There are 2 protein chains.
Amino acid sequence: MDFHLNFQVNQKVYLRDPEGSEIGRKIVKSAIDLIHQLGFEHFTFRKLAVEISTTEATIYRYFENKHRLLLYILNWYWSYMEFLVMYGIVNIKDSREKLETVVELLTHELPESSGQMDYNKRFLNQIVISESSKVYLVKEVEEINKDAVFKPYKDLCTRIADIISEHNPQYLYPRSLSTTLIETSHHQQFFSSHLPKLTDVGERGAKDFTGSFLKNLLFKAIE
Amino acid sequence: MDFHLNFQVNQKVYLRDPEGSEIGRKIVKSAIDLIHQLGFEHFTFRKLAVEISTTEATIYRYFENKHRLLLYILNWYWSYMEFLVMYGIVNIKDSREKLETVVELLTHELPESSGQMDYNKRFLNQIVISESSKVYLVKEVEEINKDAVFKPYKDLCTRIADIISEHNPQYLYPRSLSTTLIETSHHQQFFSSHLPKLTDVGERGAKDFTGSFLKNLLFKAIE
DNA sequence: TATTTTATGATAGTATTGCTATCGTAAATA
DNA sequence: TATTTACGATAGCAATACTATCATAAAATA
């Protein structure tokens with residue numbers, strides 16, 4: 001049996017659905033490669049256009065600007081992560097075990113899905129770690145938020161918060177703890193790799209270390 | 001008695017010391033106002049030059065680019081915060097009380113220092129919340145780090161980590177918990193103000209809420 | 001006091017970025 | 001077959017991110 005994973009990204013994020021055409025899919029796929037390679041600040045539509053042998057004009061027909069393209073990529077990631085969380089905890093009865101699974105998912109490489117969505121998962125993971133906060137840490141955040149473009153992030157937050165509340169209905173900060181897990185998984189991984197003195201990573205790998213730290217933090221907070 | 005608070009920012013951050021001239025001080029002061037007003041992405045040296053009636057060339061003689069100027073502002077903030085932490089816990093014996101003081105400092109407005117450094121503290125606080133991660137979340141982070149320009153952040157991290165270890169010498173992640181407190185104080189305040197559904201803020205103010213959440217998180221983690 | 005250094009302003013210029021507009025053509029659709 | 005549409009090609013423009021040069025005023029030094 002073969003099945004498709006299809007995450008419908010909010011229409012407000014794009015001008016023309018990139019999933020709907022060969023070139024659209026190439027834009028997103030190559031954008032992931034190029035943002036990973038150059039960093040978001042040095043990434044431009046012109047460079048992307050050269051990379052995939054098309055023109056800036058074509059890319060602008062799909063996305064208003066590079067911020068929206070990054071938002072598209074992150075929406076896809078957040079939706080995928082929510083799916084992985086739901087898929088990962090199905091059949092698990094113990095809420096503690098569910099939360100352990102969540103932390104593992106947040107701190108380890110994305111699985112190579114068998115589907116046709118052949119984004120480079122390692123690059124995507126790096127982008128989430130290094131660039132994701134740039135989509136909301138902008139002056140226009142509230143204006144942007146009106147289009148519900150952060151819904152996938154909020155949904156993921158809610159999903160994890162629900163498991164936290166299931167484990168401890170008395171805990172007062174399930175949503176904040178949920179976003180703290182997500183954001184902390186990013187910056188602890190980033191610091192572990194690039195500014196290790198800001199962490200206690202030692203000789204361990206960034207992902208394992210971050211996983212241990214987060215589990216400790218999480219369970220102490222709610223148990 | 002009157003005394004000067006003077007934080008010597010690492011020389012690698014600037015080309016010419018802005019503290020050493022009238023126009024240099026005006027550059028930093030107005031940069032804080034303008035970055036707060038426009039957001040870092042929309043902030044440019046040209047706009048700053050117009051604002052203080054000078055030329056781009058003059059500003060470029062002080063700072064290589066706007067990233068370095070932001071780094072200067074944050075170095076000043078981190079040094080000031082380290083001072084406030086040291087000053088705030090002096091004479092306190094109880095390590096728990098010390099940590100409570102730290103969280104208060106991290107989540108509340110900076111005091112208007114009596115000194116001559118008349119940066120707008122409210123704006124500075126907002127900049128730290130919204131823009132600080134942009135100085136390290138860049139592709140060139142390791143190259144930049146070689147100039148020790150993150151030392152004030154690391155010093156602040158160490159200072160808080162030391163108090164954590166004082167309170168609980170067995171705790172395994174004092175530095176990571178320290179950076180998590182700092183970073184979480186930023187994004188929980190940001191989310192509380194702009195994307196409140198990602199938090200449990202309710203009717204409370206962003207700062208009080210974040211303070212409560214962080215204290216709960218911190219003491220559960222180490223006690 | 002004379003002289004040199006230094007800081008700034010004025011002006012110019014260049015490459016890149018971010019974005020819009022127009023037009024022709026090929027492919028898909030009606 | 002007619003018509004819509006998607007894309008490529010090309011042009012262009014305002015803003016950004018710088019760099020360079022030169023004159024002058026002020027400050028430091030001889």
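**Exercise 1.** Does A:Glu112 count as buried or exposed, and at what relative accessibility?

*Solution.* The model is predicted. A:Glu112 has a relative accessibility of 59%. The cut-off for exposed is over 50%, so A:Glu112 counts as exposed. Its side chain meets that of A:Lys121 in a salt bridge, at 3.9 Å from N to O. For this partner the relative accessible area is 1%; buried means under 20%, so A:Lys121 is buried.

**Exercise 2.** Determine which elements the salt bridge between A:Glu82 and A:Arg159 ties together.

*Solution.* Begin with the contact: the two side chains meet at 2.6 Å, N to O. Next, place the partners. A:Glu82 belongs to helix α4 (residues 66-89) of chain A, and A:Arg159 to helix α8 (residues 151-167) of chain A, so the pair links parts that are 77 residues apart in sequence. Finally, consider accessibility: A:Glu82 counts as buried at 14%, whereas A:Arg159 is partly exposed at 31%.

**Exercise 3.** Carry out the same analysis for A:Glu104 and A:Lys215.

*Solution.* The side chains form a salt bridge of 2.5 Å, N to O. A:Glu104 lies in helix α5 (residues 95-107) and A:Lys215 in helix α10 (residues 206-222), both of chain A, so parts 111 residues apart in sequence are tied together. A:Glu104 is partly exposed, with a relative accessible area of 32%, and A:Lys215 is partly exposed as well, with 23%.

**Exercise 4.** How many salt bridges does a search of the whole structure find?

*Solution.* The search over all chains finds 27 salt bridges.

Notes. Residues numbered from 1 in each chain as written. Chains lettered and ligands numbered in written order. Predicted model: local features only at pLDDT ≥ 70, side-chain atom pairs only at ≥ 80, totals over all residues. Heavy atoms only, no water. Salt bridge = Lys/Arg side-chain N within 4 Å of Asp/Glu carboxyl O. Helix = DSSP H or I, 4+ residues; strand = E, 2+ residues; numbered from the N terminus. Buried < 20%, exposed > 50% of the residue type's maximum accessible area, 1.4 Å probe, protein only.
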